[in-house]
Amino acid sequence: MIEFFDADIHRGSASLYYSNITFSKNLIKYFTEAFKVRVGIDKDNKAIHVYPLNKDKALSGEFQESSLINVSLSKTYARVCSSGLMNYICGIFGLEIGKKDFLRYNAAYDDIKKAIIINVGRVV
């Protein structure tokens, strides 16, 4: 099988707001079947891992319900809303985000991990 290079195929950005994470349009395709997401924190690599889960996987009982977060989808963005999550992320990485502010980071889909990885090491 031949696979052709496409620099933008998996790349996009994620904006961290006071109460949500908003993903750019080119990452929407990874949320089309998502019912909920799980979010993991990689402190050593300064990264946030967002795992989209379809309805069957989310309701399978494999995950604690308290670890599942709603995702909303539109034609121009995908959004994960949770003030608790954002407080946790800000505390872990020492971020300060005002109610009307946001921080934008590079994000990319990882085919092996089946997750969107947000690089919190450097603001875009």
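Let's start with the overall fold: eight strands make a closed barrel in the order S1-S2-S6-S5-S3-S4-S8-S7, with antiparallel pairing. On average, neighbouring strands in this sheet are turned by 30° against each other, direction ignored. Keep in mind that this is a predicted model. As a bit of background, strands of a sheet pair through backbone hydrogen bonds, either parallel or antiparallel.

**Around the barrel**

A good place to step in is strand S1, which covers residues 11-17 and is joined to S7 by seven bridges, the two running antiparallel. Across that pairing, glycine 12 has alanine 107 of S7 as its bridge partner. S1 also runs antiparallel to strand S2 (residues 20-23), and three bridges join them. Here leucine 16 stands opposite isoleucine 21 in S2.

On we go to S7 and S8, which pair in the antiparallel sense over five bridges. In that pairing, aspartate 110 stands opposite alanine 115 in S8. S7 and S8 form a hairpin, with four residues between them.

Then there's helix H2, residues 83-93. H2 lies across S1, S2, S3, S4, strand S5 (69-73), strand S6 (78-81) and S8, and runs at about 10° to S3.

**What sits in the core**

In general, nonpolar side chains tend to be buried together in soluble globular proteins. The largest nonpolar core in this model has 29 residues, and those with the most contacts inside it are Leu16, Ile21, Phe23, Phe31, Ile89, Leu95 and Ile118. Two or more residues come from each of S1, S2, S4, S5, S6, H2, S7 and S8. Which element gives the most to this core? That would be H2, with five residues.

Isoleucine 21 is worth a closer look. Leaving aside its neighbours within four places in sequence, isoleucine 21 is in contact with Ala14, Ser15, Leu16, Ala78, Arg79, Val80, Leu85, Met86, Ile89 and Ile118.

**Rings and charges**

How many aromatic pairs does the structure hold? There are three. One of them joins phenylalanine 23 and phenylalanine 31 in a tilted arrangement, 5.0 Å centre to centre with 45° between the planes. Are these two phenylalanines, 23 and 31, buried or exposed? Both phenylalanine 23 and phenylalanine 31 are buried.

Tyrosine 30 and tyrosine 109 make another pair: their ring centres are 3.9 Å apart and their planes sit at 5°, so the pair is stacked. Because tyrosine 30 lies in the loop between S2 and S3 while tyrosine 109 is in strand S7, the pair ties together parts that are 79 residues apart in sequence. Tyrosine 30 and tyrosine 109 are both buried as well.

Charged side chains get in on the act too. Lysine 36 lies over the face of phenylalanine 35, at 5.6 Å from the ring centre. Arginine 79, one of the contacts of isoleucine 21, lies over the face of tyrosine 77, at 4.3 Å from the ring centre.

**Two lysines in loops**

Now for two lysines with a positive phi, set side by side here.

| Residue | Loop | Phi | Relative accessibility |
|---|---|---|---|
| Lysine 46 | between strand S3 (36-42) and strand S4 (47-53) | about 50° | 46% |
| Lysine 114 | between strand S7 (102-110) and strand S8 (115-123) | near 55° | 49% |

Neither name in the table is a glycine: lysine 46 has its positive phi although it is not one, and lysine 114 is likewise a residue other than glycine with a positive value. Why does lysine 114 count as partly exposed? Because its relative accessibility is 49%. Lysine 46 also counts as partly exposed, at 46%.

Lysine 114 belongs to the turn of the S7 and S8 hairpin. Not counting residues up to four places away in sequence, lysine 114 touches Tyr51, Pro52 and Tyr109. Tyr109 is the ring stacked with tyrosine 30, so this turn residue touches a member of that pair. Lysine 114 and isoleucine 28 are 86 residues apart in sequence and 14 Å apart in space, C-alpha to C-alpha.

Conventions: Residues are numbered from 1 along each chain as its sequence is written. This is a predicted model: local features need pLDDT of at least 70, side-chain atom pairs count only at pLDDT 80 or more; totals for chains, interfaces and linings use all residues. Side-chain values use heavy atoms; hydrogens and water are left out. Buried means under 20% relative accessible area, exposed over 50%, partly exposed in between (1.4 Å probe, protein chains only). Contact means heavy atoms within 4.5 Å. Two strands pair if DSSP finds at least two bridges between them. Axes are lines fitted to C-alpha atoms, for helices over the stretch in contact, and angles run from 0 to 180 degrees between N-to-C directions. A nonpolar core is a set of buried Ala, Val, Leu, Ile, Met, Phe, Trp, Tyr and Cys residues joined through side-chain atoms within 4.5 Å. Rings of Phe, Tyr and Trp (its six-membered ring) pair if their centres lie within 6.5 Å; planes under 30 degrees apart count as stacked, over 60 as edge-to-face and the rest as tilted. A charge sits over a ring if NZ of Lys or CZ of Arg is within 6 Å of the ring centre and within 35 degrees of the ring normal.
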